[in-house]
Amino acid sequence: MDTLADRSLVGGERSDATDHCLAGIARLSNEVKDAASYTPTYDQRIYAEAIKTLQDKLAETRATIEPRPKFSFKNKMAPQIPIISLPDAAEAMAQGPHGVPGFRSPGLSSVGSSAAGTPNYPNTPLNEPDKEMPLFRSTVPTSIPEVSMDNVSESLSKEQRKAPFEATSVSSVTVNNQEGLHVMLPASGSSSSAPASITLIDRCVVDMTVPTAGGKPYASLMVNNAIDSLLLCGQIGGPAHVTNVRNSIIVVNCRQFRMHNCTNVDVYLSSSSNPIIEDCVDIRFGRIPRAYQTLDHDRLDSEDRWNLVEDFKWIKPEPSPNWSLLGQDASVPEEVWTEIVPGGPCWSSDEILRAVNILKT
């Protein structure tokens, strides 16, 4: 919103940026409505006021930068609704019901916290959410606040609060500049026309598989600069380009796979064309785990070319020393993929990375 005034009117750039803001606010509103069945009434009020603050800020910004109409009508009898800023909303969450302007107790001695209303996750249980950004779930070490897509943040004013996931129907899906997090994209974070990217990742577990589980692959994938991380990239309808990755594991189902300048990486792959590596060292390829397969076994054997790797920097007739196939003893066991990697109350991101042998200590 702060950059709308800098957007050009030519070519509809400012209009597109405004639509992006509107879509983001609408997405937050829908997620709050979806969580209404298990969210305490007091928390719902906080979330609604925070969303209204965003709406009012966008309206005020548009009124400032756009020409005013010649005539306008105001309802002078409209009641005055108290509006609080996002930082104030966070502070109000910490103080309890009486920290909210205009709050009136319904007659109960106390109002339960949102922790009591946290839902259970029977399929892939994650850490109990600590109110955070609503765009992803995260299980992280105790030194970093946990995050959940199911609750609107009470900590939006904190310095480290920088959303790692951005998605709209007309833009890309991005996980960027994160350290020590377990990032799980929500089911809404998918679009068949949207490219996906993972950049500047250190000691993270990034799970992008949930949005594509229903057969909606991302248009393409770009991975750049990842260290000591587990990247579960889901289904990619087009090419997957991986660059500058070290000491990591990548799980991806794509049409084309190309890797540049990578060292010590395990790739669990399903690809309909020959994988290509270039300027890479100590790369190991394995078949994509059963939990992430989209083809049946017969088609997988006949169509999947995950092991037909081509090294563009090795033109000799001898096999390239830069890559090899993962042996069964070196592969991550199937039960680790299904029971530990999805996360849960007992599994931090570092513990998951140790379970797949990325972190040794």
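**Chat about two helices and a few odd residues**

Visitor: Let's start with Asn253: buried or exposed?
Guide: This is a predicted model, and in it Asn253 is buried, with a relative accessible area of 12%.

Visitor: Where is Asn253 placed?
Guide: In strand β8, which covers residues 239-254.

Visitor: And what does Asn253 touch, leaving out residues up to four places away in sequence?
Guide: Asn253 touches Gly234, Gln235 and Ile236, along with Ser270, Ile288, Tyr292 and Thr294.

Visitor: OK, helices now. How many residues has α2?
Guide: Helix α2 has 25 residues, 41-65. From first C-alpha to last, α2 reaches 36 Å, close to the 36 Å expected at 1.5 Å a residue.

Visitor: Which residues of α2 are buried?
Guide: Tyr42, Asp43, Ile46, Tyr47, Glu49, Ala50, Ile51, Thr53, Leu54, Leu58 and Thr61.

Visitor: Why would residues three or four places apart point the same way?
Guide: An α-helix has 3.6 residues a turn, so that spacing brings residues round to the same direction.

Visitor: At what angle do α1 and α2 pack?
Guide: About 165°, with the axes of α1 (residues 13-34) and α2 10 Å apart. That angle makes α1 roughly antiparallel to α2, since the cut-off for that label is over 145 degrees.

Visitor: Is the crossing of α1 and α2 left-handed or right-handed?
Guide: Left-handed.

Visitor: Which residues meet there, between α1 and α2?
Guide: From α1 you get Arg14, Thr18, Cys21, Leu22, Ile25, Leu28, Ser29 and Val32. On the α2 side they meet Tyr47, Ile51, Leu54, Gln55, Leu58, Arg62 and Ile65. Among these α2 residues, Tyr47, Ile51, Leu54 and Leu58 are also buried.

Visitor: Switching to backbone angles. What's the phi of Asn225?
Guide: Positive, about 65°, although Asn225 is not a glycine. Most residues other than glycine have a negative phi. Asn225 is found in strand β6 and is partly exposed, at 33% relative accessible area.

Visitor: And what is phi of Asn261 near?
Guide: Near 50°, again a positive value in a residue other than glycine. Asn261 is found in the loop between β9 (256-260) and β10 (263-271). Asn261 is partly exposed too, with a relative accessible area of 39%.

Visitor: Last one: where does Thr212 lie?
Guide: In the loop between β5 (205-207) and β6 (221-227).

Visitor: Why does Thr212 count as buried?
Guide: Because its relative accessibility is 2%, and buried means under 20%.

Visitor: What lies 3.2 Å from a polar atom of the Thr212 side chain?
Guide: The backbone oxygen of Thr209.

Note on methods. Residues are numbered from 1 along each chain as its sequence is written. This is a predicted model: local features need pLDDT of at least 70, side-chain atom pairs count only at pLDDT 80 or more; totals for chains, interfaces and linings use all residues. Side-chain values use heavy atoms; hydrogens and water are left out. Helices (H or I, at least four residues) and strands (E, at least two) are DSSP runs, numbered from the N terminus. Buried means under 20% relative accessible area, exposed over 50%, partly exposed in between (1.4 Å probe, protein chains only). A polar contact is a pair of N or O atoms within 3.5 Å; within protein, one must be able to donate a hydrogen and the other to accept it, and residues adjacent in sequence count only if both atoms are side-chain atoms. The expected span of a helix is 1.5 Å times one less than its number of residues. Axes are lines fitted to C-alpha atoms, for helices over the stretch in contact, and angles run from 0 to 180 degrees between N-to-C directions. Angles under 35 degrees count as roughly parallel, over 145 as roughly antiparallel, 65 to 115 as roughly perpendicular and the rest as oblique. A crossing is left-handed if the near helix is turned anticlockwise from the far one by less than a right angle, and right-handed if clockwise. Contact means heavy atoms within 4.5 Å.
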